[in-house]
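Here are my notes on the model you sent round. Have a look at it first, then go through the points below.

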Protein chains: 2
Amino acid sequence: MTHFHEVSTCQSCEQRFTSVFCKAKQEFITEINEQKVCNIYKKGQTIFNEGSYPFGVYCINQGKVKLSHQGDDGKEQIIRLLRGGDVLGYRALLSGERYSASAIVLEDTQVCFIPKELFINVLKNDAGLAFEMMKLLSDELHKAEVKLTHLAQKPIRERLAETLLFIKETYGFESDGETLNVRLSREEIANLVGTATESTIRLLSEFKKDGMVELEGKKIKILRQKELIKTANLQD
Amino acid sequence: MTHFHEVSTCQSCEQRFTSVFCKAKQEFITEINEQKVCNIYKKGQTIFNEGSYPFGVYCINQGKVKLSHQGDDGKEQIIRLLRGGDVLGYRALLSGERYSASAIVLEDTQVCFIPKELFINVLKNDAGLAFEMMKLLSDELHKAEVKLTHLAQKPIRERLAETLLFIKETYGFESDGETLNVRLSREEIANLVGTATESTIRLLSEFKKDGMVELEGKKIKILRQKELIKTANLQD
DNA sequence: TTTAAAACATGATAAAAATCATACCCATAG
DNA sequence: CTATGGGTATGATTTTTATCATGTTTTAAA
């Protein structure tokens, strides 16, 4: 069982230098601190569900979350992976729509909830934070557009390699410096890559045979990152 | 040759009620009006190029523009279609990066340029506009995520049908009420769908044989929209 | 500890889509 | 007028990927 530090205040939060909120004015941080509600979600639990209305935004203190979209035929598509410091649920709230994706916890996760009214109010009165928010949205939009292009143009082999590198960028390695610091099922990896589960399993085996990765249950070790980058065939 | 109304002022601009800028404070609109630089681009011309630095944002007064992304192997991916009232180039500017896509004019287009400093300054001092901007970004992000899911999960036939409907949503029909009001090459349609040009040509012929569309050079008529919607297999 | 269910793995096959090849049409430059 | 090239069209073939089938392993529950 994961042990969590008690979340006392936003002022002392571990994420206070990495989250978007770090640029908010002091007075608003105080206010957020007073109104926030913290919660711990266990692996597999849902923070919010596609189709329901947003009542605020969620700030991840510690943990890992997947954001997934339901395809028209019910198949999951994972559109983002989130970690401590990331904010969640702002997209729907700003658009004034229902959630277009579900947030599901990948491992025990501590999350602070900030009510809609407060969030909107702070955004309207704190240009700095508003600006950070726009930057965040722009960055997400950029990532989505790049992914879109790769999805349209790259073969699965390249996309799987890219996805492994993306997981590494997001969650990093365990203390051994080579094991990806998250446990995802083959199906989840497939839903991140945008392919059939069997294809993902097959290609992972190939990567293993090629010596690029090592597989041990859900543990994935990246043995030869350079080769993996070459396999991903990335420009930059 | 397209004839353009003289763009006198933002205050009398045809797009003043549809663009994001409609929510800006009066004083800022005045300032924008004074500093804007209008330009006419001819079909095929480039407004800005992927990889270069943004110096401002562009506001389309009249015309049609495609935003396209260069894939790692050089293949074009069209990520957005723009029309009068749409703003262009804000993504890179807000992220503080180079343009990640090129803006190329599909037909003679009139565009107003707003310098970076002014745009940023207005955003920082006009919460209303900043909010509209966040909304716009959120909407774009949503669209990108939906497209991403469809790209990953739907067959080309469905995606082509969806793309035709999307073109119709964006540019509407000509006065006959059935001809798509834009001329795109088969290759451009393919780059919108995310497929090979030949596949697009083949499927368009099938759609024609099925009586859903009529083809006459680059003119595309939507004859049976309901069937096309069914072919697209959309949830909502 | 046994047992059921879920996840993983792998081969065989089928379907989807890309690629290659060729031909046609048509606008326009010489 | 005619030649040239770009876009369109279509068939043949290959490649990629999904699906189906089946067995194995792992996980979690009784």
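The points cover the set-up, the two chains, the DNA strands and one helix.

1. Ground rules first: this is a predicted model, where local features need pLDDT of at least 70, side-chain atom pairs count only at pLDDT 80 or more, and totals for chains, interfaces and linings use all residues. Residues are numbered from 1 along each chain as its sequence is written, with chains lettered from A and ligands numbered from 1 in the order in which they are written.

2. The chain pair: 36 residues of chain A are in contact with 36 residues of chain B (C-beta atoms, placed from the backbone, within 7 Å). On chain A's side, β4 (76-83), α2 (90-95) and α4 (127-153) each give two or more residues; helices (H or I, at least four residues) and strands (E, at least two) are DSSP runs, numbered from the N terminus. The largest share, 20 residues, comes from α4(A).

3. Symmetry: a turn of 180° with a shift of 0.0 Å along the axis lays chain A on chain B at an RMSD of 0.0 Å (least squares on C-alpha atoms of residues with pLDDT of at least 70 in both). The two copies are therefore related as by a two-fold rotation axis. The same surface serves both, with 100% of chain A's contact residues recurring in chain B.

4. DNA strand C: 17 residues lie around it, and S185(A), R186(A), S205(A), P155(B) and S199(B) come nearest (near means a C-beta atom, placed from the backbone, within 6 Å). At least two residues each come from α6 (186-193) and α7 (197-209) of chain A and from α5 (156-171) and α7 (197-209) of chain B. The largest share, five residues, is from α7(A).

5. DNA strand D: 18 residues surround this strand, the closest being P155(A), E198(A), S199(A), R186(B) and S205(B). Here α5 (156-171) and α7 of chain A, plus α6 (186-193) and α7 of chain B, supply at least two residues each. α7(B) gives the most, with five residues.

6. A closer look at α5(B): its 16 residues reach 22 Å from first C-alpha to last, close to the 22 Å expected at 1.5 Å a residue (1.5 Å times one less than the number of residues). Which residues of α5(B) are buried? They are R159(B), L160(B), A161(B), E162(B), T163(B) and L164(B), where buried means 20 or more other C-beta atoms within 10 Å of the residue's own, all placed from the backbone. These buried residues pack against α4 (127-153), α6, α7, β8 (219-222) and α8 (225-232) of chain B. Just after the helix, G172(B) takes a positive phi of about 70°.

Definitions and conventions
Two residues are in contact if their C-beta atoms, placed from the backbone, lie within 7 Å. A residue is buried if 20 or more other C-beta atoms lie within 10 Å of its own, exposed if 12 or fewer, and partly exposed in between; C-beta atoms are placed from the backbone.
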